Every structure is written in structure tokens, then in C-alpha cells.
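User: I'm new to this structure and would like a close look at one part of it. Could you walk me through the largest pocket and what surrounds it?

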Amino acid sequence: MAPSLNLTLGPIVVGVVIGVFLYGIASVQAYQCLRSGSAKDKRWLRILVQLVWSVPTLITVFTCMYLFSLTVINYGEVSKLSILTWPVSVSFFLGGIASAIVQSFFAWRVHVLSGRWFVSVVSWTGSVARIGITLAICIITIQQPDLKIFEIQFPYMIILSLTVSMSIDILNTVSLCYCLHHLRTGWGG
């Protein structure tokens, strides 16, 4: 039985449209940050903003390529819906890189605010692990692009990647909240 287009192609189209919309918002934010950045902003910070913006640019291009291939090049070929093309595979890896860059920046902020290395090193280690996991996903899905086979042979890969990312986000958030709570000065009158 062929998969329903409402349950396969529909979510892909909606996901790409939402992703492009969010990319537009991120582009406006990056533009405003670079345009109105103060002279006090360090050069490395401006380069980091450009890097953080350029990786989602590539992800957006690749996901649009994937959508184009499904809806135009392979129009009507329902069997192509379960094949992960190289743009999707590379997008997994780029997502891991973008996530690691942002998480590493927040881990550095934890170090700056706390003066301690432990939480930052744990976060950086997790970020490097996530890059490794997403690289493995990228390589595996390029070598074996059938989604059904990937789900059977490597069901833990996506879950592991998302779990590591979520754990790092929680660690960074709790650490930053703790540091900021202890550094607050209040409003003097």
C-alpha cells in the first residue's frame, strides 16, 4: 500500500515553509545585529554572528532543494518519499554544527560569568559529540538513503542526537540562570 501524501509530503511542505519563514526572521535579526552593532562589539563576535547566520542559509537552501526534487523532479513518484537525498543528509550535519556553535557560545558565557570551567567543558564535550553523531547520521544516510532501512538499523541515532542537544541546552540554561541569579545587584534607590 502506497503511503498517503497527506501524511508524507504534506508535513515536508509545511516544515519547509515554516523553516523558510523562521530563516527570514533570523536573517532580519542577523542584519540588525551586524548593522547596528556597537563599536564595542569584538570582531570575533561579528564573525560568529555571520557564521551562525550562514549555516542556516545552507540548511534552508538544501531543504528547498529536497522539496523541489520531491514536488517537481520526482512529481508523482510516491516511492521517492522514503529516500533521503544528499541535501537532507547534509542538513542533518549542518544542523549539528549550528547547534554546537550556539551551545558553545552559551557555554563560554557560563565560564565568563562563573569563572569556572567544569560546566563549560561538559557542554563543549557534548557539542563535539553532537557534531560526531550528526556526521555519522549524514554518512550513513548518504551510503544508505532508504529511510525505512535507516529506521530499522539505526533507530537510536536521531534520538541520541536530540537527547545530547537537549541535555546541553538544559545544562547551559540552568547554569546561566544560576550565575545570573547570584550576580544580580537589584535596583538601588
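Analyst: Here's a walk through the largest pocket, followed by the helices around it and a second pocket for company. Keep in mind that this is a predicted model.

The largest pocket holds about 600 Å³ of space. Its lining is made up of 25 residues, and the ones nearest the centre are Ile-59, Thr-63, Val-88, Ser-91 and Phe-92. By type, that lining splits into 16 nonpolar, eight polar and one charged. Five helices, namely α1, α2, α3 (86-114), α4 (118-143) and α5 (147-153), each chip in at least two residues. Helix α1 provides the largest share, with eight residues.

So what about α1 and its partner α2? Helix α1 covers residues 9-36 and α2 covers residues 43-73; they pack at an angle of about 155°, with axes 10 Å apart. That angle makes the two helices roughly antiparallel, because anything over 145 degrees counts that way. Their crossing is left-handed, and the contact residues come out as 17 nonpolar, six polar and one charged.

Now for the second largest pocket, with a volume of about 380 Å³. It has 17 lining residues, and Leu-48, Val-49, Val-52, Trp-53 and Val-102 sit nearest its centre. Here α1, α2 and α3 each supply at least two residues, but α2 gives the most, with seven. This lining divides into 14 nonpolar, one polar and two charged.

One last thing, from the records: an unreviewed UniProt entry lists "transmembrane region" for several stretches, including residues 88-110. In the model, residues 88-110 are 100% helix, with the end C-alpha atoms 33 Å apart.

Terms used:
Residues numbered from 1 in each chain as written. Predicted model: local features only at pLDDT ≥ 70, side-chain atom pairs only at ≥ 80, totals over all residues. Heavy atoms only, no water. Axes fitted to C-alpha atoms, helices over the stretch in contact; angles between N-to-C directions. Helix = DSSP H or I, 4+ residues; strand = E, 2+ residues; numbered from the N terminus. Parallel < 35°, antiparallel > 145°, perpendicular 65-115°, else oblique. Left-handed = near helix turned anticlockwise from the far one by under 90°. Nonpolar A, V, L, I, M, F, W, Y, C, P; charged D, E, K, R; others polar. UniProt positions renumbered as here; feature names shortened; annotations may be inferred. 1 Å grid on protein atoms, 1.4 Å probe; cavity = no way out; pocket = protein on both sides within 12 Å on 5 of 7 lines; lining within 4 Å. Points joined across faces, edges and corners; volume = space filled by probe spheres on them.
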